[in-house]
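This report describes selected features of a protein chain. It takes up salt bridges, a nonpolar core, and the spaces enclosed or left open by the fold.

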Amino acid sequence: MNDCMNDLSQEVVFITGATSGFGLACAKLFALHGARIVAAGRRADRLDALKRELGDGVCRLELDVRDRASVEQAVSSLPDEFAAVTVLVNSAGLALGLEPAQRALLDDWDTMVDTNCKGLIYCTRALLPGMVARDRGHIVNMGSIAGTYPYPGGNVYGATKAFVRQFSLNLRADLLGAGIRVTNIEPGMAETEFSAVRFHGDFEKAAQVYAGMKPMTAEDVADAVLWCVTRPAHVNINNIELMPVSQAFGPLAVKRSKQPGQ
């Protein structure tokens with residue numbers, strides 16, 4: 001990355017899920033390169049800590065992206081110096097549970113759809129008109145390899161990430177000629193709070209997910225986001241899929257019966 005691309009002082013980056021994981025890593029990395037940050041998240045104490053760490057270049061925004069009215073109000077009332085958002089990083093998202101579909105909790109499914117799909121589209125729709133009016137902007141959506149490669153227990157989580165990929169592609173089609181870029185980032189295994197959330201706070205179980213292998217970090221993913229945003233303005237990175245070296249693909253599953261012909 002050359003020096004001019006390191007300077008993001010003209011960028012206002014709105015980041016959802018900025019209190020942990022990929023969102024937090026993106027906030028710190030973009031701030032390091034001079035961008036102003038709108039840090040959106042539900043945990044006030046973490047937003048306060050981020051504000052103390054990064055200083056006046058951060059607008060803390062206590063926000064639940066699942067609340068459509070709150071998203072619209074928050075975007076419409078941003079302080080002047082943060083109002084002209086040039087980059088939206090839709091990082092808020094989660095997985096809940098790893099049970100097969102017939103045993104999964106409908107409440108978990110609702111939360112994943114509300115956050116991963118509806119929260120993402122609420123924030124996108126709220127900020128997109130301003131980007132189009134200024135003929136400048138970049139939407140970065142946080143997908144997952146789970147949107148492409150199914151696995152047992154992935155059911156609705158994987159489906160929400162497949163939605164993120166297709167929504168990103170359809171945005172590209174809608175925005176042709178508008179000067180707006182759209183990127184979908186699809187990480188594989190990365191050690192954040194993701195698994196602890198998935199297992200409802202069971203940190204011991206979450207740690208086992210990464211036992212004996214070297215997962216990616218949140219900073220690895222944030223670096224990929226920064227790379228996409230700092231490409232020349234005429235270049236759009238449609239999709240990035242990234243995994244740790246320790247992760248790869250397996251064979252298709254086959255159910256075999258002990259009885260011949262069954």
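## Exposure and the Asp64–Arg66 pair

A residue is called buried when its relative accessible area is under 20%, exposed when it is over 50%, and partly exposed in between. The model discussed here is predicted. Asp64, with a relative accessibility of 26%, is therefore classed as partly exposed. Its salt-bridge partner is Arg66, and the closest N and O atoms of the two are 2.9 Å apart. Arg66 also counts as partly exposed, because its relative accessibility is 33%.

## Salt bridges

The count of salt bridges comes to 11. One of them joins Glu11 to Arg136, with 2.6 Å between the closest N and O atoms. This pair links distant parts of the chain, the two residues being 125 residues apart. Glu11 lies in the loop between helix 1 (3-6) and strand 1 (12-16), whereas Arg136 lies in the loop between helix 6 (106-134) and strand 5 (137-142). The partners fall into separate exposure classes: Glu11 is buried, with a relative accessible area of 17%, while Arg136 is partly exposed at 35%.

Another salt bridge brings together the side chains of Glu72 and Arg68, at 3.3 Å from N to O. Both residues belong to helix 4 (residues 68-76), where a spacing of 4 residues places them about one turn of the helix apart. Glu72 is partly exposed at 42% relative accessibility, and Arg68 is exposed, with a relative accessible area of 51%. Elsewhere, Arg43, Arg46 and Glu193 are joined into one network by salt bridges that share partners.

## The largest nonpolar core

The largest nonpolar core comprises 34 residues. The members that touch the most other members are Val13, Ile15, Phe30, Ile37, Val89, Ile185 and Val225. Several elements each supply at least two residues of this core, among them strand 1, helix 2 (21-32), strand 2 (36-41), helix 3 (44-54) and strand 4 (87-90). Strand 5, helix 10 and strand 7 are also included. The greatest contribution comes from helix 10, with 8 residues.

## Thr230 and its contacts

Thr230 is located in the loop between helix 10 (218-229) and strand 7 (239-242). Its relative accessibility is 4%, so Thr230 counts as buried. The side chain of Thr230 reaches the backbone oxygen of Leu226 at 2.8 Å. A polar contact of 3.3 Å also connects the side chains of Thr230 and Arg231.

## Pocket and cavity

The second largest pocket holds about 310 Å³ of space. Of the 15 residues that line this pocket, Glu11, Arg136, Arg181, Val229 and Ala233 lie nearest its centre. Two of these, Glu11 and Arg136, are the partners of the salt bridge at 2.6 Å described above. By class, the pocket lining divides into 6 nonpolar, 5 polar and 4 charged residues.

How many cavities of 30 Å³ or more does the structure hold? There is 1. The largest cavity has a volume of about 30 Å³. Its lining consists of Thr16, Val65, Asn90, Ser91, Ala92, Thr115, Gly119, Leu120 and Cys123. Helix 6 gives the most to this lining, with 4 residues. The cavity lining has 4 nonpolar and 5 polar residues and no charged ones, whereas the lining of the second largest pocket includes 4 charged residues.

Key. Residues are numbered from 1 along each chain as its sequence is written. This is a predicted model: local features need pLDDT of at least 70, side-chain atom pairs count only at pLDDT 80 or more; totals for chains, interfaces and linings use all residues. Side-chain values use heavy atoms; hydrogens and water are left out. On a 1 Å grid over the protein atoms alone, a cavity is a set of points where a 1.4 Å probe fits but cannot get out, and a pocket is an open set with protein on both sides within 12 Å along at least five of seven lines; lining residues have an atom within 4 Å of a point. Grid points are joined across faces, edges and corners, and a volume is the space filled by probe spheres set on the points. Ala, Val, Leu, Ile, Met, Phe, Trp, Tyr, Cys and Pro count as nonpolar, Asp, Glu, Lys and Arg as charged, and the others, Gly among them, as polar. Buried means under 20% relative accessible area, exposed over 50%, partly exposed in between (1.4 Å probe, protein chains only). A polar contact is a pair of N or O atoms within 3.5 Å; within protein, one must be able to donate a hydrogen and the other to accept it, and residues adjacent in sequence count only if both atoms are side-chain atoms. A salt bridge is a side-chain nitrogen of Lys or Arg within 4 Å of a carboxyl oxygen of Asp or Glu. A nonpolar core is a set of buried Ala, Val, Leu, Ile, Met, Phe, Trp, Tyr and Cys residues joined through side-chain atoms within 4.5 Å.
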